[in-house]
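Student: I would like a close look at a single part of this structure, the sheet and what surrounds it. Please take me through it in one connected account.

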Amino acid sequence: IIVDISPLKEAKRAAEQAQVAAESAAAAKADFLANMSHEIRTPMNAIIGMTHLALQTELTSRQQNYLSKVDNAAKGLLGIINDILDLSKIEAGKFTLEKKPLHVDAIVGNVVSMLFERAREKHLKLSSELQSLPRGLLGDATRIQQALLNYASNAIKFTAAGHVTIRVLLLAEDAAGVLLRFEVSDSGIGIAPDAMSRLFF
């Protein structure tokens, strides 16, 4: 029996070509996003830096309010840019978590500082609760701050009245490391039970 396998070979060749094309497109997309984020982050960091310096000078309450809003907006945009870049790295398989000295209190303080004005405008109480943590922690401060900022931003967005609280709990500790739990709770509308399965696995 003679079986013509030419169609199989053609299908295999087409699949390989499609895979190469997809990998090439993903790499090009990652390069573009990396370059784009760098070009935007450079002036954005300058805006944040100059705004910070201006906020240290003598200002009227109105000027202080305006500059604080500029600062919050710039930091929020910078966070979005970092999120986009991280997504491109994940798609390209190049995303790695950093392992550097971790100051959890500073991370939470940064998030509260960036979102304080937004919460105040909605008459919400934005607060943080941190358990006593051991010294010498290592981790990825940037990614932790991004996650907390996203969760807390959404909490403020969907909370009409009441509070938003950021908590850090020490769940376990041994010679190998620690297990921390980061929480963002609010008095908002919450998540519908039927939507839980689509958000959390």
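Tutor: Two strands count as paired if DSSP finds at least two bridges between them. The model is a predicted one. With that criterion, strand S4 (residues 162–174) and S5 pair in the antiparallel sense, over 10 bridges. One of the positions involved is Ile166, whose bridge partner in S5 is Val184.

The sheet to which this pair belongs is open and has 3 strands, in the order S2-S4-S5, with mixed pairing. Strand S2 (124–130) and strand S5 (177–186) are at the edges, each with a single partner strand, so one side of each has no neighbour in the sheet. On average, and ignoring direction, neighbouring strands are turned by 10° against each other.

Two helices pack on this sheet. Helix H3 (residues 104–121) touches S2, S4 and S5, and its direction makes about 175° with that of S2. Helix H4 (residues 141–157) also touches S2, S4 and S5, and its direction makes about 20° with that of S5.

The nonpolar side of the arrangement comes next. The largest nonpolar core has 22 residues. Those with the most contacts inside this core are Val104, Val108, Val111, Leu115, Leu148 and Ile166. Ile166 is thus both the bridge partner of Val184 and a member of that list. H3, S2, H4 and S4 are the elements that give two or more residues to the core. The largest share, 8 residues, comes from H3. For one of the listed residues the surroundings can be spelled out: leaving aside neighbours within four places in sequence, Leu115 is in contact with Leu126, Leu149, Ala152, Ser153 and Ile156.

The charged residues add a second set of links. A search of the whole structure finds 9 salt bridges. Two of them involve Arg167. Arg167 forms a salt bridge with Glu129, with the closest N and O atoms 2.9 Å apart. Because Arg167 lies in strand S4 and Glu129 in strand S2, this pair ties together parts that are 38 residues apart in sequence. Arg167 also forms a salt bridge with Glu183, where the closest N and O atoms are 3.8 Å apart. Here Glu183 lies in strand S5 and Arg167 in strand S4, so the parts tied together are 16 residues apart in sequence. Through shared partners, salt bridges join Glu129, Arg167, Arg181 and Glu183 into one network. Arg167 counts as partly exposed, at 22% relative accessibility, and Glu129 is partly exposed as well, with a relative accessible area of 43%.

Helix H3 has a salt bridge of its own, in which the side chains of Glu117 and Arg120 meet at 2.7 Å, N to O. These residues are 3 apart in helix H3, so about one helical turn separates them. Glu117 is buried, with a relative accessible area of 11%, whereas Arg120 counts as partly exposed at 43% relative accessibility.

The loop between H4 and S4 holds Thr159. Thr159 is buried, with a relative accessible area of 1%. The side chain of Thr159 reaches the backbone oxygen of Ala155 at 2.5 Å. The same side chain makes a polar contact with the side chain of Asp186, at 3.5 Å. If neighbours within four places in sequence are left aside, Thr159 is in contact with Lys122, Leu124, Val164, Asp186, Ser187 and Gly188.

On the other side of S5 in sequence, Ile189 is found in the loop between S5 and helix H5 (193–199). Ile189 counts as exposed, because its relative accessibility is 71% and the cut-off for exposed is over 50%. In space, the C-alpha atoms of Ile189 and Phe158 are 6.7 Å apart, although 31 residues separate the two in sequence.

To recap the part you asked about: the sheet runs S2-S4-S5, H3 and H4 pack on it, and a salt-bridge network joins Glu129, Arg167, Arg181 and Glu183.

Terms used: Residues are numbered from 1 along each chain as its sequence is written. This is a predicted model: local features need pLDDT of at least 70, side-chain atom pairs count only at pLDDT 80 or more; totals for chains, interfaces and linings use all residues. Side-chain values use heavy atoms; hydrogens and water are left out. Helices (H or I, at least four residues) and strands (E, at least two) are DSSP runs, numbered from the N terminus. Axes are lines fitted to C-alpha atoms, for helices over the stretch in contact, and angles run from 0 to 180 degrees between N-to-C directions. Contact means heavy atoms within 4.5 Å. Buried means under 20% relative accessible area, exposed over 50%, partly exposed in between (1.4 Å probe, protein chains only). A polar contact is a pair of N or O atoms within 3.5 Å; within protein, one must be able to donate a hydrogen and the other to accept it, and residues adjacent in sequence count only if both atoms are side-chain atoms. A nonpolar core is a set of buried Ala, Val, Leu, Ile, Met, Phe, Trp, Tyr and Cys residues joined through side-chain atoms within 4.5 Å. A salt bridge is a side-chain nitrogen of Lys or Arg within 4 Å of a carboxyl oxygen of Asp or Glu.
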